[in-house]
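Notebook open, structure on screen. I wanted to go through rings, sheets and one proline, and jot down what I found.

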Amino acid sequence: MKKHVVKLSFWLFFSLLSLITLSHAQLKIQVTKSASNAIPIVLYSNDQLGNFVEQVAGGDLARSGRFIALPSKNSPEPTAGPAAINSEAWMQRGVQYAVFLTVRGNQISVDLVNTFSKQSMLQRVYTVGANNERQWRKTAHQVADAIYEKILGVKGSFDTKVAYVAKNGRQYQLIVSDADGAYPSTIFNSNEPILSPSWSPDGRSIAYSSLEGKKSKIVVQDVYSGKRHVVLDLPGINGAPSWSPDGSRLVFTLSKDGNPEIYTSDIYGKGLTRLTNNASIDTEPVWGKDNMIYFTSDRTGAPQIYRMTPNGGTPTRVSTSGNYNASPSISNDGRYLAVMNRGSGGNGFGIAIIDLQTGATKRLTNGGKDEAPSFSSNGHMIIYANGVGGLNAVSNDGSVTQKFSSNASDVREPAWSN
């Protein structure tokens, strides 16, 4: 059993997320199952830039699986604005929400209206920082975030980033893109594997493990400047870094003393502190916003998830359902833990979610090889690797599923920013 878990540990450390052989290729996201109560919504605009924002924001809402974004030409009635709405026509079609987008110079005003009551729910003006497509797209994501929050009560996660590692021949690339796959950018190239990317809380830096020079090391890199520094390159494994909630420290796995254990340090490797001391393999730590550290350990014979304070102490087992739980990811609100789960029914590995308040576990996927879950910033979606070269996503209640496609041959271990 111990040998098997060692294999698991290295498999999870070294699983790679590959987007495409060209850094400018873009992931395409397809909703494979929408929520049964998906909400129809119509977006209107009055010019070319407004149409662009309409398409991007409407695409965001549609891809969430919780909205049906209808083109304005297919709305219950043509309308020039909120005052012209015929509530009866909208009610007959069951379309309760409309969004009116008006561009003036480098500003766009947003008016979200309840078509049944003709009441404005949200009025906001956005100033676009620079007159280019990228800035207008960013603003469109922010518009979609605001609409999502106003209607569903939870902030959207469209204006976020995804990091992954792409393998191009024998070369590895650390790539960052928008959450919808747009603007992929290679921020680091290496002839050796780049492993376990993890976002800083402010979204400006990524910590990862690299095998440059055939030696394992933990690196922190600024996403925008490209500046990077080695945190630790001690003998053995230096892997699976995760940030503290305030961004001042990292938690990670080291095997410098022979056995994989959990340690913390500041982001420059100072103040190194050992948290676990067990003959088992302790690995894959994540530092939640609840200021608890969750990690995988085989100390009871098979991989399970444990929790401890940042000062160490006696860990408490968290996972109770299934004979195999690993690769934890915690939601930003500290309520849920997503894990790679194998039950006793022989249906292989899938993504499961553990309610940390009640202890209940719900299996969300049954792909057989699903692994490496990562929560969206709002906790509504979980992106994961399907184990056969692709990425999928599932909502935290299982009602929405997405498939990410590209012409890459192998896609694994996504990391979603806050």
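How many aromatic pairs does the structure hold? I got six. I keep in mind that this is a predicted model.

**Rings**

I took one pair to look at up close. The ring centres of Tyr324 and Phe349 are 4.9 Å apart and the planes meet at 70°, so I logged the pair as edge-to-face; the cut-off for that label is over 60 degrees. Next I checked where the two partners sit in the chain. Tyr324 belongs to strand β22 (residues 324-330) and Phe349 to strand β24 (residues 349-355), so the pair links distant parts of the chain, 25 residues apart. Buried or exposed, these two? Both Tyr324 and Phe349 came out buried.

I also noted one aromatic cluster, formed by Phe67, Tyr148 and Phe158.

Then I looked for charges over rings. Arg228 has its charged end over the ring of Phe188, 3.8 Å from the ring centre. Arg299 lies over the face of Tyr306, and there I read 5.5 Å to the ring centre.

**The UniProt span**

I looked up the record next. The UniProt entry, which is unreviewed, lists residues 27-120 as "domain: TolB N-terminal". In the model, 24% of residues 27-120 is helix and 37% is strand. From end to end, C-alpha to C-alpha, that span covers 35 Å.

**Five-stranded sheet**

I traced an open sheet of five strands in the order β1-β29-β28-β27-β26, paired antiparallel. Which strands stand at the edges? They are β1 (28-33) and β26 (371-375); each has a single partner strand, so one side of each has no neighbour in the sheet. The twist from one strand to the next averages 25°.

At the β1 edge, I found five bridges to strand β29 (residues 401-405), in the antiparallel sense. Lys33 faces Thr401 of β29 there.

At the other edge, β26 pairs with strand β27 (residues 381-385), antiparallel, over three bridges. Phe375 is set opposite Ile382 of β27. The hairpin of β26 and β27 has five residues between its strands, and among them I marked Gly379 for its positive phi near 80°. I also checked how covered this edge strand is: β26 has five of its five residues buried.

**Four-stranded sheet**

I found another open sheet, of four strands, in the order β9-β8-β7-β30 and with antiparallel pairing. Here β9 (185-190) and β30 (415-416) are the edge strands, and each has just a single partner, so one side of each is left without a neighbour in the sheet. I followed β9 to strand β8 (residues 171-178), and five bridges join the two, running antiparallel. One bridge I wrote down has Gln173 as the partner of Asn189 in β9.

**Pro328**

Last stop was Pro328, which lies in strand β22. Why does Pro328 count as buried? Its relative accessibility is 6%, and the cut-off for buried is under 20%. I then listed what Pro328 touches, leaving aside neighbours within four places in sequence. The contacts are Glu284, Val286, Tyr294, Phe295, Thr296, Ile305, Leu337, Ala338 and Val339. I also took a distance from Pro328 to Ile108: they are 220 residues apart in sequence and 40 Å apart in space, C-alpha to C-alpha.

Notes
Residues numbered from 1 in each chain as written. Predicted model: local features only at pLDDT ≥ 70, side-chain atom pairs only at ≥ 80, totals over all residues. Heavy atoms only, no water. Phe/Tyr/Trp six-rings, centres within 6.5 Å; stacked < 30°, edge-to-face > 60°. Buried < 20%, exposed > 50% of the residue type's maximum accessible area, 1.4 Å probe, protein only. Lys NZ or Arg CZ within 6 Å of the ring centre and 35° of its normal. UniProt positions renumbered as here; feature names shortened; annotations may be inferred. Pairing = 2+ DSSP bridges. Axes fitted to C-alpha atoms, helices over the stretch in contact; angles between N-to-C directions. Contact = heavy atoms within 4.5 Å.
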